[in-house]
Amino acid sequence: MYIAVSVGVLIIALSVFFVYSNEQAKIRGEAFSKAIEFVQEDLRKTYHSFDSKVSMFNQGNITKDDFLKFAEKHELEMEKIILRYDNLQTPQPFAPAVKLFKLSAETQFEADKYIIEWIKTDDDAAHVRSVSSYDQSLQYEQAALLEFNLVQSQTNP
């Protein structure tokens with residue numbers, strides 16, 4: 001009789017444990033998804049702000065000095081955003097996607113630096129390198145999104 005009760009209690013305890021573990025994994029997954037979404041959104045906003053300043057400079061609406069002051073702040077902001085990828089609590093299946101997202105951000109930052117160099121020095125080669133780096137950044141981001149969505153579809157059938 002005691003053995004049957006003990007086995008019953010053990011089965012119930014294990015069931016509760018597995019349900020709890022499953023819920024905790026789901027909560028961690030949702031938190032990770034939100035965290036990566038915030039990083040990507042901040043990156044997008046920062047890039048659009050930079051692109052806007054470049055356009056303003058090209059149209060003559062801001063001076064080179066004003067642009068370069070903004071560029072210094074932009075570089076600091078990009079460095080902070082890129083570091084945030086390392087601080088994510090990344091579930092193992094999503095690690096390759098996060099690596100690609102980070103690589104995309106780093107390559108985009110490289111493109112931004114070439115734009116800054118181009119504006120600072122008027123070196124057209126820097127402008128060409130910026131376009132190439134930006135294209136590479138988009139390819140990394142597309143690969144990251146594909147990888148992320150693939151893993152997400154496998155974990156949430």
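A polar contact is a pair of N or O atoms within 3.5 Å. In this predicted model, one such contact joins the side chain of His 74 to the side chain of Asp 112, at 2.7 Å. That value falls inside the cut-off of 3.5 Å, so the pair counts as a polar contact.

His 74 sits in helix H2, which covers residues 64–86. The relative accessible area of His 74 is 3%. Buried means under 20%, so His 74 is buried. Sequence neighbours within four places can be set aside. His 74 is then in contact with Thr 46, Phe 50 and Asp 112. Asp 112 therefore appears twice for His 74: as a contact, and as the partner in the polar contact.

Other residues of helix H2 are buried as well. Phe 67, Leu 68, Phe 70 and Ala 71 belong to this group. So do Met 78, Ile 81, Ile 82 and Tyr 85. The length of H2 can also be checked. H2 has 23 residues, and at 1.5 Å a residue it should span 33 Å. The expected span uses one less than the number of residues. The end C-alpha atoms of H2 are 34 Å apart, which agrees.

Salt bridges come next. The structure holds six of them. One salt bridge pairs the side chains of Arg 84 and Asp 42, at 2.6 Å from N to O. This pair links distant parts of the chain. Arg 84 is in helix H2, while Asp 42 is in helix H1 (residues 2–58), and their positions lie 42 residues apart in sequence. Arg 84 is partly exposed, with a relative accessible area of 28%. Asp 42 is partly exposed too, at 26% relative accessibility.

Another salt bridge is formed by Lys 102 and Asp 86, whose closest N and O atoms are 2.8 Å apart. Lys 102 lies in helix H3 and Asp 86 in helix H2, so the pair ties together parts that are 16 residues apart in sequence. Asp 86 is partly exposed, and its relative accessible area is 48%.

Arg 129 and Asp 123 also meet through their side chains in a salt bridge, with 4.0 Å from N to O. Salt bridges that share partners join Glu 117, Asp 123 and Arg 129 into one network. Arg 129 counts as partly exposed at 32% relative accessibility. Asp 123 is likewise partly exposed, with a relative accessible area of 29%.

Asp 122 is placed in the loop between helix H3 (95–121) and helix H4 (124–155). Phi of Asp 122 is near 65 degrees. This is a positive value in a residue other than glycine. The relative accessible area of Asp 122 is 61%. Exposed means over 50%, so Asp 122 is exposed.

Ala 143 is found in helix H4. Its relative accessibility is 31%, and Ala 143 therefore counts as partly exposed. Along the chain, Ala 143 and Pro 96 are 47 residues apart. Their C-alpha atoms are separated by 9.8 Å.

Definitions and conventions:
Residues numbered from 1 in each chain as written. Predicted model: local features only at pLDDT ≥ 70, side-chain atom pairs only at ≥ 80, totals over all residues. Heavy atoms only, no water. Helix = DSSP H or I, 4+ residues; strand = E, 2+ residues; numbered from the N terminus. Buried < 20%, exposed > 50% of the residue type's maximum accessible area, 1.4 Å probe, protein only. Polar contact = N/O pair within 3.5 Å; in protein donor to acceptor, adjacent residues only side chain to side chain. Contact = heavy atoms within 4.5 Å.
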